Amino acid sequence: MTTEPPAAERSLWARLRRTVGDGTVADFVDRGVSHPLFWLLPALLFIGVFQLYPMVEVFRMSLTDTSLISSQESYVWLENYRRLLGSERFYSTLRVTAIYSVGSIVLQLGLGLGLALAIDYGVRRGLRGPLLTRVVVLSAWVVPGIIIGLVWRIMLLETDVGVVNNALGRLGFEVVPFLSDAGMAVVSVIAAGAWRGTAFSMIMFYAGLKRVPEDLYRAAKVDGAGPVARFRYVTLPQLKPVVFVVTILVTIYSLNSFDLIFALTNGGPGRATEVIALAMYKSAFESYQMGMAAATAVVLLVVTLTVTAVYFRVFDISEEI
Amino acid sequence: MARLEIDGLRKTFGRGEDRIEAVSDLSLSAADGEFLVLVGPSGCGKSTTLNCVAGLESVTDGEIRIDGEVVNDRRPEDRDIAMVFQNYALYPHMTAAENMAFGLKMTTGLSAAERRDRVESTAELLDIGELLEKKPRSLSGGQKQRVALGRAIVRDPAVFLMDEPLSNLDASLRSTMRTEIQQLQDDLGVTTVYVTHDQTEAMTMADRIAILREGELQQIGEPLDCYYRPKNEFVAGFIGEPAMNTVRVTRRGDTLVGDALEYPVPRRADGLPSGEPFTLGIRPEAIEIVEAGTGAATGTVEVVEPLGETSHAYLTVADATVTVTTDGPGAVEEGERVGIDFPAQRVHLFDPDTGAAVARRESLPGEVTEEYPASRHD
């Protein structure tokens, strides 16, 4: 007797074997490893646990009246949003955030590009100093924002002890109310933020400048382009993708700024320097209204996403990226 | 149209102990409308020289003159030159037309319409009319190189400077472009300095070749002159493919004697002292295969590389490898023992210490001469 299965069965058996393999562990591992999911899993797990889940949880919380001082929690649905959007405080923080962000973006991009150009110029000419400059500027970036806030607060003290006011005093100026005048406080906060963030854009721009082929500059020189024309027609177009990325990142970072302002002014005087992220913190840890804080966070997320979407529209980067 | 003169050019980089002399006391000139090729191995100073002429590098010492005027201190755009770069150096965000018009926009007062006209007529010349609205990244290597050429031509400069413009192209395109550039240069009649490390390009394109080594000029002359009458061993080895064979010989009476080689002293070398060593050079294509035991030497064929019309055979003669270019396939076989011989007028002799040619032949083949009847023992 033969044990050979009939033709139809044979092909079915073959199909089955193809689908499930021959059942050995090696075969199982082999097929698992060859599947994209296997390689995506660590990243998916990480993003899921640390980003997606908290985001969903924040959104859920924004629909409740969760409080830090009560274990009771009930769904109030859109009540938090109604209260938030109906309060004058929200619009004031929105305005401060906008001013702070625009100021930060302009200063960080401008100063970052200027420094990067200076360093690039130095490196291309074999001058001494670019390394030292990079180290000094970068050290501002590696120091935590909260410490920078404190350092600036000490520097800007409105007495003779404050470094800046002391220097101004020696030059014959009056004491400047850097932190107690509403307008000056905003300027101080923007300056401190830019002082810190410039290092980041400088590094990005510098990396971008390194990528510009030297031959393009040589060709432009032969073509008769002076330094300004070379910057305009060679450097800037080549930096466009970097400008795009830096603008987006600096914007997101500015919109979400918290630590430095918290340490420097804590939103004061009054609410002159209270940005959205700081208002959110205060809702959560001073008023203990987690639901309200969560709603603020969701609004901040929507604002950030909107601004980023606008950037994608405005910058035509389809060719470069 | 212009005459380019380089007079005592010296260029050094770095300071103190790191100081490198890239070009030392280089003097040469290109006549109006001449196609001059600077050739040499990498690091020989050819590109540095070109950059000095372009004004992209400052000159340490010496003078560069275009049409008699010293241009050392002029900016590149004030030198009336245009340059073509090895990797094209097209502005990536501009179309081909914008790339070509950029120099005109920067240096002339031409209106956009006038610029456009000039770009279009140049594009027609180069047959790239349909590429004008494309950006460099959608062009092939050959098309990019044409646009880069167009960018130089449209400026209508006094001197073209080309820095290895063909080395990024594949072999077949390279030979097409070679002919095309030559043709263009002929038609336009613009003085051209062309830098390459490829001796084939140098030989085929140049009116004259300047061979450089370690920043020093070795020889300048017409391609065939450099080929048949090299001034030194370096030039002899650098020009010609495959490279010239060289063996150490000593003059003994009327004979040059080397390891397993004996050859009568050519008549033009009669004056050389006896008992002195020399380097004998002979080009692979000058060697004839003769019966083993006859001719100048006998050796064993190790490898044969058939190329179609010709083959390269590598022979072991004593301890040395000798390359021979033979006619067609089948002239010799691997493992065969054969003799080699060569005509006296193709023999080159060099001083073994300085490498300088001694008893150089006085004329090129084909020139009427009583110097060399076509015999071995002239």
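Biologist: Which elements of chain B cover the buried residues of α5(B)?

Modeller: This is a predicted model, so we read it as one. The cover includes β3 (35–39), α4 (141–153), β8 (191–196) and α6 (199–205) of chain B.

Biologist: Which residues of α5(B) are buried?

Modeller: To judge burial, count neighbours: a residue is buried if 20 or more other C-beta atoms lie within 10 Å of its own. In α5(B), this holds for M177(B), I181(B) and Q185(B). They sit on the same side of α5(B) because they cover an arc of only 70° around the axis.

Biologist: And which residues are exposed on the other side of α5(B)?

Modeller: There you will find S172(B), T176(B), T179(B), Q183(B), D186(B) and D187(B).

Biologist: How many residues does α5(B) have, and what does it span?

Modeller: For a span, look from the first C-alpha to the last. Helix α5 of chain B covers residues 171–188, 18 residues in total, and reaches 26 Å, close to the 26 Å expected. Just after α5(B), G189(B) has a positive phi of about 65°.

Biologist: Now the sheet: what is the order of its strands?

Modeller: Follow the pairing from strand to strand. Here six strands form an open sheet in the order β6-β7-β8-β3-β9-β10 (chain B), and the pairing is mixed. At the edges, β6 (81–84) and β10 (216–221) of chain B each pair on one side only. From one strand to the next, the twist averages 15°.

Biologist: In which sense do β7(B) and β8(B) pair?

Modeller: Parallel, over five bridges. One bridge joins V159(B) to T191(B) in β8(B).

Biologist: Where does α4(B) lie?

Modeller: Across β6 and β7 of chain B, running at about 175° to β6(B).

Note on methods. Residues are numbered from 1 along each chain as its sequence is written. Chains are lettered from A and ligands numbered from 1 in the order in which they are written. This is a predicted model: local features need pLDDT of at least 70, side-chain atom pairs count only at pLDDT 80 or more; totals for chains, interfaces and linings use all residues. Helices (H or I, at least four residues) and strands (E, at least two) are DSSP runs, numbered from the N terminus. The expected span of a helix is 1.5 Å times one less than its number of residues. A residue is buried if 20 or more other C-beta atoms lie within 10 Å of its own, exposed if 12 or fewer, and partly exposed in between; C-beta atoms are placed from the backbone. The arc is that of the directions from the helix axis to the C-beta atoms. Two residues are in contact if their C-beta atoms, placed from the backbone, lie within 7 Å. Two strands pair if DSSP finds at least two bridges between them. Axes are lines fitted to C-alpha atoms, for helices over the stretch in contact, and angles run from 0 to 180 degrees between N-to-C directions.
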